[in-house]
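Colleague: Could you take me through the pockets in this model, slowly and with the residues named? I'd like a close look at that part, plus whatever else helps me get my bearings.

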Amino acid sequence: MADYRFASDNAAGICPEAWEALAAANQGASPGYGDDPWTESARRRMREVFETDCETHFVFNGTAANSLAIAAANRSYQSVICHAAAHIDTDECGAPEFFTGGGKVLPLPGPHGKLRPEEVQAAFTRGHGIHFPKPGVLSLTQATEWGTVYQPAEIAALAAVARAAGLRVHLDGARFANAAAALAAKGVTPADLTWRSGVDVLSFGGTKNGLLTSEAIVFFDRELARDFAYRMKQAGQLASKMRFASAQWDAVLRTGAWLRHAANANARAGELAAGLARLAGVRLQERTEANGIFLELPPPLAGALQQRWGFYRFFGDHGYRLMCSWATTPQDVAAFLETAAR
């Protein structure tokens with residue numbers, strides 16, 4: 001059976017900090033639905049990490065995080081502008097449209113998996129006035145579906161265009177930790193990547209960074225969070241034993257593990273990309289800025305590798321994606337490169 005450890009960061013298990021937090025939260029009894037000390041502590045730590053009085057809610061998966069966050073900011077007759085490769089358009093089975101009651105997802109092109117202000121600006125004049133959905137939300141993906149990372153100035157420029165047209169800004173941060181870790185060496189903080197750059201609400205990914213069934217929705221504009229618990233309940237996302245979701249966040253935020261694990265994934269991806277780029281016939285499609293490697297492989301090499309390793313075709317006939325996770329080791333990378341070289 002093929003080894004899928006490089007197929008997705010979802011393939012990795014639960015990180016030790018989250019596992020220990022689950023065991024600790026399993027002792028004794030506690031109030032349900034978020035009225036517990038773990039949830040209170042996790043929300044306080046979110047405010048510390050983002051250096052602002054944000055409001056945080058915990059849901060089971062990324063599709064719910066994105067769809068409910070967008071629904072809080074978008075009306076049924078409005079559109080959600082995103083990149084053509086964005087998860088909300090390609091991989092969420094129409095959930096954003098469903099939870100907004102009919103809001104249209106409007107994908108736009110852009111190089112390197114990123115939107116540019118001029119493309120967003122041009123989208124405001126599409127259609128025939130009232131006959132076309134009114135733009136309501138700009139959704140950005142960080143890190144992008146191509147493994148690239150928006151700089152704070154890039155987010156701020158896009159947010160300025162959106163704000164001038166009356167749009168809210170949502171950030172799909174399924175791999176936000178990887179983006180934050182990638183830019184931390186430059187002195188960029190989570191606050192710089194979000195509300196300081198004009199983001200109103202963040203879908204903060206936990207699952208891809210070692211948590212079990214726990215994603216966070218972080219509202220920097222608290223007005224958008226009004227009655228949000230009711231929206232969660234209606235969507236089947238209000239956990240009765242919420243302490244098991246929030247205890248994991250409390251642990252990784254308290255210890256800094258969320259950034260350490262993401263930095264490990266990024267570093268291993270850099271090593272893997274550099275090693276593969278030295279092989280004849282291999283071409284990197286994008287710079288490896290986070291924990292994803294996007295590359296073209298000659299068919300014989302791809303076929304031989306997939307006898308040992310499981311990974312997915314992405315973007316084009318010979319384009320593939322490899323992902324590193326919190327659990328990827330230098331030995332894992334060396335084993336993959338040894339197979340490829342042989």
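Modeller: Here is a walk through the pockets, followed by a few other parts of the fold.

Keep in mind that this is a predicted model. The largest pocket has a volume of about 420 Å³. Its lining is made up of 21 residues, and those closest to the centre are Asn10, His87, Ala174, Arg175 and Lys208. If you ask which element gives the largest share of that lining, the answer is helix H3 (residues 62-73), with three residues. By chemistry, the lining of the largest pocket splits into nine polar, eight charged and four nonpolar residues.

Now the second largest pocket, which holds about 290 Å³ of space. There are 18 residues around the second largest pocket, and Ala72, Ala73, Asn74, Arg75 and Gln78 lie nearest its centre. H3 turns up again here: together with strand E4 (134-141), H3 is one of the elements that give two or more residues to this lining. The lining of the second largest pocket divides into seven nonpolar, six polar and five charged residues.

On to the cysteines, in case you were wondering about crosslinks. The structure holds zero disulfides. Take cysteine 82: the closest cysteine sulfur to its own belongs to cysteine 93 and is 15 Å away, so the two are too far apart for a bond. Cysteine 82 counts as buried because its relative accessibility is 0%. Cysteine 54 also counts as buried, since its relative accessibility is 2%.

Further along the chain comes helix H11 (residues 257-277). H11 has 21 residues and reaches 30 Å from first C-alpha to last, close to the 30 Å expected at 1.5 Å a residue. Buried positions in H11 include Trp258, His261, Ala262, Ala265, Asn266, Arg268, Ala269, Leu272 and Leu276. The spacing is worth keeping in mind: an α-helix has 3.6 residues a turn, so residues three or four places apart point the same way.

Last stop, a sheet. Four strands make up an open, antiparallel sheet, in the order E8-E9-E11-E10. At the edges sit strand E8 (283-284) and strand E10 (312-313), each pairing on one side only. E8 and strand E9 (residues 292-296) are joined in the antiparallel sense by two bridges. Within that pairing, leucine 284 stands opposite leucine 295 in E9.

Key:
Residues are numbered from 1 along each chain as its sequence is written. This is a predicted model: local features need pLDDT of at least 70, side-chain atom pairs count only at pLDDT 80 or more; totals for chains, interfaces and linings use all residues. Side-chain values use heavy atoms; hydrogens and water are left out. A disulfide is a pair of cysteine sulfur atoms within 2.5 Å. Buried means under 20% relative accessible area, exposed over 50%, partly exposed in between (1.4 Å probe, protein chains only). On a 1 Å grid over the protein atoms alone, a cavity is a set of points where a 1.4 Å probe fits but cannot get out, and a pocket is an open set with protein on both sides within 12 Å along at least five of seven lines; lining residues have an atom within 4 Å of a point. Grid points are joined across faces, edges and corners, and a volume is the space filled by probe spheres set on the points. Ala, Val, Leu, Ile, Met, Phe, Trp, Tyr, Cys and Pro count as nonpolar, Asp, Glu, Lys and Arg as charged, and the others, Gly among them, as polar. The expected span of a helix is 1.5 Å times one less than its number of residues. Two strands pair if DSSP finds at least two bridges between them.
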